[in-house]
Amino acid sequence: MDRAQLADFLRTRREALQPEDVGLPRGPRRRTSGLRREEVAALCGMSTDYYSRLEQQRGPQPSEPMLGAIARGLRLSLAERDHLFRLAGHGTPTRVRRSDHVDAGVMRVLDRLVDTPALVLGPTGETLVQNDLALALLGDETSLPGDARFMAYRWFTDPTSRAVYPPEDHDLRGRQFAADLREAYARDGRGSVAERLVEALLGASAEFAAVWAEHEVGHVRTQVKRFAHPEVGPLELYCQSLLDTEQHHVLLVFTAEPGSASAEKLELLRVLGPEARRG
């Protein structure tokens, strides 16, 4: 681990970011060149003290998950992410098997979506990052442990995850999640994350095993999705997707028809913030 080079690299990348780049207000009294350390720490989901010690050459060696969080928080490119891992004394992540780094351009788009829920999914349906309004709508899906970060796994192993959708939509959603997982399994093949998830679900859920045995593919998607929220009630939102072909990531954006009841509820969720989902 090269502490000096790591600290310098983090500082230069932090100073290169402006508040507007990550959806933060600049404020009238800002004197810092680029972002403040506490702002970067918040973007990375870590304490200010931990991040500050890395820039001061006195922190511990960051783990690979921690480095991944820093790469996303600092909006690093893939080449910059690889450099970060090397400076921290880790091997470069294999891009074929590791696809949890969200492209800097996709992150910039996400940063600007402050009035509509948006999130980025990995190629196997793993929730990689959410904006504040997606947190308010869906709850925090990125801090879940292990396989629970994958939508299909949550759906068939944790009944509470279904509360996001109205009961009458549960069968459709379950079949869509299974079809998405089948597509990932066919694409990535043996030894993939998708294969591991399928094997785990076959052993854990009789419902999944029954749906999987039907071999449904090319499931027709509905553009309008219905949600059930504990604070604001039912919402009908349009779901649009933007595909990052290099990383096989999908940016999902949920919008409401202007002037509709759902649009008013989204505005209320924006005011309530991420804590609204805990209602």
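The questions and answers below go through some features of this predicted model.

Q: Why is Glu55 called buried?
A: Buried means under 20% relative accessible area, and Glu55 has 8% relative accessibility, so Glu55 counts as buried. The place of this residue is in helix H3, which covers residues 48-55.

Q: What makes the pairing of Glu55 and Arg14 a polar contact?
A: A polar contact needs a pair of N or O atoms within 3.5 Å, and the side chains of Glu55 and Arg14 are joined at 2.7 Å. The side chain of Glu55 also has a polar contact of 2.5 Å with the side chain of Tyr51.

Q: Which residues does Glu55 touch, leaving aside those up to four places away in sequence?
A: Contact means heavy atoms within 4.5 Å, and with those sequence neighbours left out Glu55 touches Ala7, Leu10, Arg11, Arg14 and Arg37.

Q: How do you know on which side of H6 its buried residues lie?
A: The buried residues of helix H6, which covers residues 104-112, are Ala104, Val106, Met107, Leu110 and Asp111. They cover an arc of only 155° around the axis, and therefore they lie on the same side of H6. In general, an α-helix has 3.6 residues a turn, so residues three or four places apart point the same way.

Q: What do the buried residues of H6 pack against?
A: They pack against helix H4 (64-73) and against four strands, S1 (118-121), S2 (127-130), S4 (233-244) and S5 (249-255). At the start of H6, a side-chain oxygen of Asp103 comes to within 2.8 Å of the backbone nitrogen of Gly105.

Q: What makes a space in the structure a cavity, and how many cavities of 30 Å³ or more are there?
A: In a cavity a 1.4 Å probe fits but cannot get out, and the structure holds one cavity of 30 Å³ or more. The largest cavity has about 30 Å³ of space, and its lining consists of Arg175, Ala178, Ala179, Arg182, Val211, Trp212 and Glu216. Helix H9 (170-188) gives the most to this lining, with four residues.

Q: Why is the lining of the largest cavity divided into nonpolar and charged residues, and how many are there of each?
A: Because Ala, Val and Trp count as nonpolar, while Arg and Glu count as charged, the lining divides into four nonpolar and three charged residues, with no polar ones.

Q: What is the volume of the second largest pocket, and which residues are closest to its centre?
A: The volume is about 1,100 Å³, and of the 44 lining residues the closest to the centre are Leu121, Gly125, Met151, Phe177 and Leu252. The largest share of this lining, eight residues, comes from H9.

Definitions and conventions
Residues numbered from 1 in each chain as written. Predicted model: local features only at pLDDT ≥ 70, side-chain atom pairs only at ≥ 80, totals over all residues. Heavy atoms only, no water. 1 Å grid on protein atoms, 1.4 Å probe; cavity = no way out; pocket = protein on both sides within 12 Å on 5 of 7 lines; lining within 4 Å. Points joined across faces, edges and corners; volume = space filled by probe spheres on them. Helix = DSSP H or I, 4+ residues; strand = E, 2+ residues; numbered from the N terminus. Buried < 20%, exposed > 50% of the residue type's maximum accessible area, 1.4 Å probe, protein only. Arc of directions from axis to C-beta. Polar contact = N/O pair within 3.5 Å; in protein donor to acceptor, adjacent residues only side chain to side chain.
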